[in-house]
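Student: Please take one part of this model and go through it closely. I would like the sheet of one chain, and then how that part sits relative to the rest of the assembly.

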Protein chains: 2
Amino acid sequence: MSLFKEMTELDKLLHEPARLAIMTALANCESADFTFLQSLTGLSKGNLSSHLTKLEEAGMVFIIKSFVGKIPNTNISLSGSGEDAINAHWKRLDEMRKEAKTWKPETESTV
Amino acid sequence: MSLFKEMTELDKLLHEPARLAIMTALANCESADFTFLQSLTGLSKGNLSSHLTKLEEAGMVFIIKSFVGKIPNTNISLSGSGEDAINAHWKRLDEMRKEAKTWKPETESTV
DNA sequence: AAAACAGGTTTGCACTGCAAACTTGTTCTT
DNA sequence: AAGAACAAGTTTGCAGTGCAAACCTGTTTT
């Protein structure tokens with residue numbers, strides 16, 4: 001398939017900036033709690049919560065709610081497929097950029 | 001600003017997959033006509049049209065309509081700022097990926 | 001006991017991307 | 001010459017999305 005067709009089909013779940021940030025951060029720390037992710041990304045609580053729900057529904061992350069002493073704690077970590085997905089997504093973007101740099105338009109008839 | 005905050009603030013006009021494909025293609029060919037872009041990206045005519053309108057309104061592309069013989073021809077090319085913007089966008093993504101790979105979570109207090 | 005706070009979730013709305021329907025003009029077909 | 005098919009886009013309608021603000025539930029402070 002052509003580079004540009006591939007580009008239009010990028011996974012929107014992962015491509016959305018807030019979720020790209022969340023997933024990328026999680027890929028680099030075994031797990032994180034809600035508050036940590038919030039300060040890291042600068043997202044509002046509501047916004048973060050809904051993105052996490054979406055990622056959980058898609059099987060990208062695990063969300064574990066527990067108590068640390070008396071205060072509730074929500075811990076988020078990547079699932080195996082989530083880790084694969086975010087790594088693959090960045091790799092694709094990276095390759096697209098490289099390939100795009102070398103692309104030269106061909107005559108219309110060959111496209 | 002933190003890497004992940006920057007990520008959540010990626011320019012959505014350019015980040016959207018279809019427009020990323022359009023802009024990246026245009027950055028590599030001085031100009032393209034509507035039909036060529038359509039077959040290149042695989043977008044429907046309606047969809048392509050609305051993305052182009054959005055890019056034009058944002059000053060990213062020039063759209064010039066003329067006639068080639070009797071058939072109308074719509075020619076699209078990047079504006080100066082459009083070219084700067086798409087190059088900068090890819091560069092940012094590229095740097096983000098690199099930086100993210102080396103990021104190590106710090107203690108919460110230092111974030 | 002009441003106010004403030006921590007840690008999230010739910011709701012409401014404005015905006016978006018997409019497909020389908022429409023438009024305008026041209027070229028075949030008979 | 002009438003009409004069917006086609007080319008090249010544009011507009012419309014709708015389902016889905018991201019975001020902020022309101023809300024909720026329990027805890028700590030005053």
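Tutor: Val61(A) has Leu78(A) as its bridge partner in strand 3 of chain A. The model is a predicted one, and this pair belongs to the antiparallel pairing of strand 2 and strand 3 of chain A, which extends over eight bridges. Another pair in strand 3 of chain A is that of Lys65(A) with Thr74(A). Strand 2 and strand 3 of chain A form a hairpin with two residues between them. In the turn, Gly69(A) has a positive phi of about 65°.

Strand 3 of chain A also pairs with strand 1 of chain A, again antiparallel, through two bridges. There, Ala32(A) stands opposite Ile76(A) of strand 3. The result is an open sheet of three strands in the order 1-3-2, with antiparallel pairing. Strand 1 (32–33) and strand 2 (61–68) of chain A are at the edges; each has a single partner strand, so one side of each lacks a neighbour in the sheet. Helix 5 of chain A packs on this sheet and touches strand 2 and strand 3 of chain A, its direction making about 125° with that of strand 2.

Strand 3 and helix 5 of chain A also take part in the surface near DNA. For DNA strand C, helix 4 (34–41), helix 5 (45–57) and strand 3 (71–78) of chain A, together with helix 5 (45–57) of chain B, each supply at least two residues. Of the 19 residues around DNA strand C, those that come nearest are Phe34(A), Gly46(A), Ser49(A), Thr74(A) and Gly46(B). Thr74(A) is thus one of the nearest residues to DNA strand C as well as the bridge partner of Lys65(A). By residue type, the surface near DNA strand C consists of four nonpolar, ten polar and five charged residues.

On DNA strand D, at least two residues each come from helix 5 of chain A and from helix 4 (34–41), helix 5 and strand 3 (71–78) of chain B. The nearest of the 19 residues around DNA strand D are Gly46(A), Phe34(B), Gly46(B), Ser49(B) and Thr74(B). The surface near DNA strand D divides into four nonpolar, ten polar and five charged residues.

The two protein chains are related as follows. A turn of 180° with a shift of 0.0 Å along the axis lays chain B on chain A with an RMSD of 0.0 Å. That is the relation of a two-fold axis. In chain B, the residue closest to the rotation axis is Asp94(B), at 3.3 Å (C-alpha).

The contact between the chains takes 32 residues from chain B and 32 residues from chain A. On the side of chain B that touches chain A, the elements giving two or more residues are helix 1 (3–8), helix 3 (17–28), helix 4 and helix 6 (80–102) of chain B. Helix 3 of chain B gives the most, with seven residues. That side of chain B divides into 18 nonpolar, eight polar and six charged residues. Of the interface residues of chain B, 100% are also interface residues in chain A, so the copies meet through the same surface.

Leu20(B) lies in helix 3 of chain B. Leu20(B) is buried, with 24 other C-beta atoms within 10 Å. Leaving aside neighbours within four places in sequence, Leu20(B) is in contact with Met7(A), Leu14(B) and His15(B).

Notes. Residues numbered from 1 in each chain as written. Chains lettered and ligands numbered in written order. Predicted model: local features only at pLDDT ≥ 70, side-chain atom pairs only at ≥ 80, totals over all residues. Near = placed C-beta within 6 Å. Helix = DSSP H or I, 4+ residues; strand = E, 2+ residues; numbered from the N terminus. Nonpolar A, V, L, I, M, F, W, Y, C, P; charged D, E, K, R; others polar. Least-squares fit on C-alpha atoms with pLDDT ≥ 70 in both. Contact = placed C-beta atoms within 7 Å. Pairing = 2+ DSSP bridges. Axes fitted to C-alpha atoms, helices over the stretch in contact; angles between N-to-C directions. Buried ≥ 20, exposed ≤ 12 C-beta atoms within 10 Å, placed from the backbone.
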